[in-house]
Amino acid sequence: MEAETWTNEVLLTGRLSTAPHERELPSGDVMVQLRVVVPRPRTASKRVRVDTIDVACWTARTRRSALRLEAGTPVQVTGALRRRFFRAGAAAVSRYEVEASTVTKVASA
C-alpha cells in the first residue's frame, strides 16, 4: 500500500456539550477546546448512547468559528485524529482528539 493512499480524515456531526473555551498553553500557543456529542445508533435496548469527542482548534480561523458557538449548538467538524502527549504532574499522559480543519454551525433537524 502506497503512503499516498493512507488517510486520516474525520467528519463529525453532533452538538456541543459545553461552550467552547480558549486556553493559552505554557508554550504561549493559544487553542480553543470544544466537545462534540454524537448519538450512536439505537439498539434493541432502546438506550440512547453517545460518543463525546474532544476537538482542538489551533488555527485562527477555527478558533474564531468555535468561539461563536454556544453549548447545545448543532455543529459539523472536519479534521484529523491526533494523539497529543503532555505532562500531568509527574506523569506523561496522552489523549486522542480531533484537530479541526473546519467548524460549522448546522441547521437543527
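Select Asp 54 and show everything around it: leaving out neighbours within four places in sequence, Asp 54 is in contact with Leu 34, Arg 35, Arg 95, Glu 97 and Val 98. Keep in mind as you click that this is a predicted model. Asp 54 sits in strand 4. Is Asp 54 buried or exposed? Its relative accessibility is 18%, and because the cut-off for buried is under 20%, Asp 54 counts as buried.

Now draw the side chains of the two arginines in that list. The Asp 54 side chain makes a polar contact of 2.6 Å with the side chain of Arg 35. A polar contact of 2.5 Å links the side chains of Asp 54 and Arg 95.

**Out along strand 4**

Switch to cartoon and colour strand 4, residues 50-57. Which way does strand 4 run against strand 3? The two are antiparallel, and eight bridges join them, with strand 3 covering residues 30-39. For one rung of that ladder, pick Val 32, which stands opposite Cys 57 in strand 4.

Next, colour strand 6, residues 91-105. Strand 4 and strand 6 run parallel and are joined by two bridges. Label Ala 56 here and you'll find Glu 99 of strand 6 standing opposite.

While the strands are coloured, try showing side chains along one of them. In a regular strand, side chains alternate between the two faces of the sheet.

**Gln 33 in strand 3**

Hop over to Gln 33, which lies in strand 3. Gln 33 counts as buried because its relative accessibility is 14%, against a cut-off of under 20%. Which residues does Gln 33 touch once neighbours within four places in sequence are set aside? Select Pro 20, His 21, Arg 23, Val 55, Arg 84 and Arg 95 to see the full set. You've met Arg 95 already, as a polar partner of Asp 54.

**Strand 1 and its two partners**

Colour strand 1, residues 10-16, and strand 5, residues 74-88. They run antiparallel, with six bridges between them. Click Leu 11 to pick up one pairing: its bridge partner in strand 5 is Thr 78.

Strand 1 also pairs with strand 3; this pair is antiparallel too, and two bridges join them. To find that link, select Arg 15 and look for Val 37 in strand 3, which stands opposite.

**The helix**

Select helix 1, residues 60-67, and zoom in on Thr 62, which has its place there. Thr 62 counts as buried because its relative accessibility is 2%. Beyond the neighbours within four places in sequence, Thr 62 is in contact with Cys 57, Ala 100, Ser 101, Thr 102 and Val 103. Cys 57 should look familiar, since it is the strand 4 residue opposite Val 32.

How far apart are the C-alpha atoms of Thr 62 and Val 103? Draw the distance and you'll get 6.1 Å, for residues 41 apart along the chain. Then turn on the side chain of Thr 59: a polar contact of 2.9 Å joins it to the side chain of Thr 62.

**Thr 7, before strand 1**

Go back towards the start of the chain and select Thr 7, in the segment before strand 1. Is Thr 7 buried or exposed? Thr 7 is exposed, because its relative accessible area is 59%. A polar contact of 3.4 Å joins its side chain to that of Glu 9. Draw one more C-alpha distance, from Thr 7 to Val 32: they are 25 residues apart along the chain and separated by 25 Å.

**Zooming out**

Finally, centre the whole chain. Count one helix and six strands, and trace them along the sequence as β-β-β-β-α-β-β. The C-alpha trace spans about 45 × 40 × 35 Å along its principal axes.

Colour by burial next: of the 109 residues, 29% count as buried. Swap to a surface, and the chain exposes about 7,600 Å², 52% of it supplied by carbon and sulfur atoms. Colour by charge and you'll have 18 positive and 11 negative side chains, with the centres of the two sets 10 Å apart. If you draw a contact map, residues 24 or more positions apart account for 55% of the contacts with a separation of 6 or more.

Note on methods. Residues numbered from 1 in each chain as written. Predicted model: local features only at pLDDT ≥ 70, side-chain atom pairs only at ≥ 80, totals over all residues. Heavy atoms only, no water. Pairing = 2+ DSSP bridges. Helix = DSSP H or I, 4+ residues; strand = E, 2+ residues; numbered from the N terminus. Buried < 20%, exposed > 50% of the residue type's maximum accessible area, 1.4 Å probe, protein only. Contact = heavy atoms within 4.5 Å. Areas by Shrake-Rupley, 256 points an atom, 1.4 Å probe, with all protein chains shown as cover. Lys, Arg positive; Asp, Glu negative; His and termini not counted. Charge placed at Lys NZ, Arg CZ, Asp CG, Glu CD. Polar contact = N/O pair within 3.5 Å; in protein donor to acceptor, adjacent residues only side chain to side chain.
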